[in-house]
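Visitor: I've got a sequence and a set of coordinates to look at. Could you walk me through them?

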Amino acid sequence: MICDDIRVENNGKTIIIGIYHDNILLPSLPFVMPQLVTWTKWDITKSPIKKFEFKFTAPDGKSMGHVTGEPPTKSSGKKAILQIAISPFVIKEAGEYRIDARINETDCHIGSFEVQLKPLS
């Protein structure tokens, strides 16, 4: 899932703000978003997450940034959540943007979204 922001309230509930579906409509290009956040849930019953890398790629194939690291705390149970933010997120062109990850040396495609110009009213 991609969105504008994710916050944890004092009561422990997670609030997800501005969920994007298949596309992001923008009034003009280039456009600077304060941040873009990905939220992913991983099955860790067979192997805990030791390290990760998320890559964001523009339609022209150029890297828009990447985030690497280790989970901030030891994951317990059967699922682990990784919340990754790129800030600021600068969109220079319309087209398909990709999000890919490498988890414990295994590559996987997280998803993609289409950036389109909002039609004039």
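What follows is a short chat about cysteines, the core, charged pairs and the sheet.

Visitor: Before we start, what kind of model is this?
Guide: Keep in mind that nobody is claiming an experiment here. What you have on screen is a predicted model.

Visitor: How many disulfides does the structure hold?
Guide: Take Cys-3 to begin with: the closest cysteine sulfur sits in Cys-108, 18 Å from its own, and that is too far for a bond. A disulfide would need the two sulfurs within 2.5 Å. Cys-108 has no better option, as its nearest cysteine sulfur is that of Cys-3. So, with that cut-off of 2.5 Å, the number of disulfides is 0.

Visitor: And Cys-3, is that buried or exposed?
Guide: The cut-off for buried is under 20% relative accessible area. Cys-3 has 0% relative accessibility, so it counts as buried.

Visitor: What about Cys-108, how does that one count?
Guide: Between 20% and 50% there's a middle class. Cys-108 has 26% relative accessibility, so its label is partly exposed.

Visitor: Which residues have the most contacts inside the largest nonpolar core?
Guide: That core has 25 residues. Several strands feed it: β3 (23-26), β5 (36-43), β6 (52-57), β8 (79-86), β9 (89-91), β10 (95-103) and β11 (106-117) each give at least two residues. The ones with the most contacts inside it are Ile-24, Phe-54, Phe-89, Ile-103 and Phe-113.

Visitor: On to charges. Which residue does Arg-7 meet in a salt bridge, and how does that partner count, buried or exposed?
Guide: Opposite charges on side chains can pair when the charged atoms come close. Arg-7 and Asp-5 do so with N and O 2.8 Å apart. Arg-7 is partly exposed at 46% relative accessibility. Its partner has 17%, so the answer is a buried Asp-5.

Visitor: How many residues apart are Lys-51 and Glu-105?
Guide: Their side chains meet in a salt bridge, 2.9 Å from N to O. Yet the pair links distant parts of the chain, with Lys-51 in the loop between β5 and β6 and Glu-105 in the loop between β10 and β11. Both are partly exposed, Lys-51 at 43% and Glu-105 at 46%. Along the chain they're 54 residues apart.

Visitor: Which residues do shared salt-bridge partners join into one network?
Guide: Glu-105 also forms a salt bridge with Arg-102, the closest N and O atoms being 3.2 Å apart. Arg-102 is partly exposed, at 31% relative accessibility. Bridges that share partners then tie up a network of Lys-51, Arg-102, Glu-105 and Asp-107.

Visitor: Let's do the open sheet of 5 strands. Which strands stand at its edges?
Guide: Read the order, which goes β3-β11-β10-β6-β7 with mixed pairing. The twist averages 20° from one strand to the next. An edge strand has a single partner, so one of its sides is left without a neighbour in the sheet, and that applies to β3 and β7 (63-69).

Visitor: Last one: which residue of β11 stands opposite Glu-96?
Guide: Start from the pairing of β10 and β11, which runs in the antiparallel sense over 9 bridges. Across from Glu-96, in β11, you'll find Glu-114.

Note on methods
Residues are numbered from 1 along each chain as its sequence is written. This is a predicted model: local features need pLDDT of at least 70, side-chain atom pairs count only at pLDDT 80 or more; totals for chains, interfaces and linings use all residues. Side-chain values use heavy atoms; hydrogens and water are left out. Buried means under 20% relative accessible area, exposed over 50%, partly exposed in between (1.4 Å probe, protein chains only). A nonpolar core is a set of buried Ala, Val, Leu, Ile, Met, Phe, Trp, Tyr and Cys residues joined through side-chain atoms within 4.5 Å. Helices (H or I, at least four residues) and strands (E, at least two) are DSSP runs, numbered from the N terminus. A salt bridge is a side-chain nitrogen of Lys or Arg within 4 Å of a carboxyl oxygen of Asp or Glu. Two strands pair if DSSP finds at least two bridges between them. Axes are lines fitted to C-alpha atoms, for helices over the stretch in contact, and angles run from 0 to 180 degrees between N-to-C directions.
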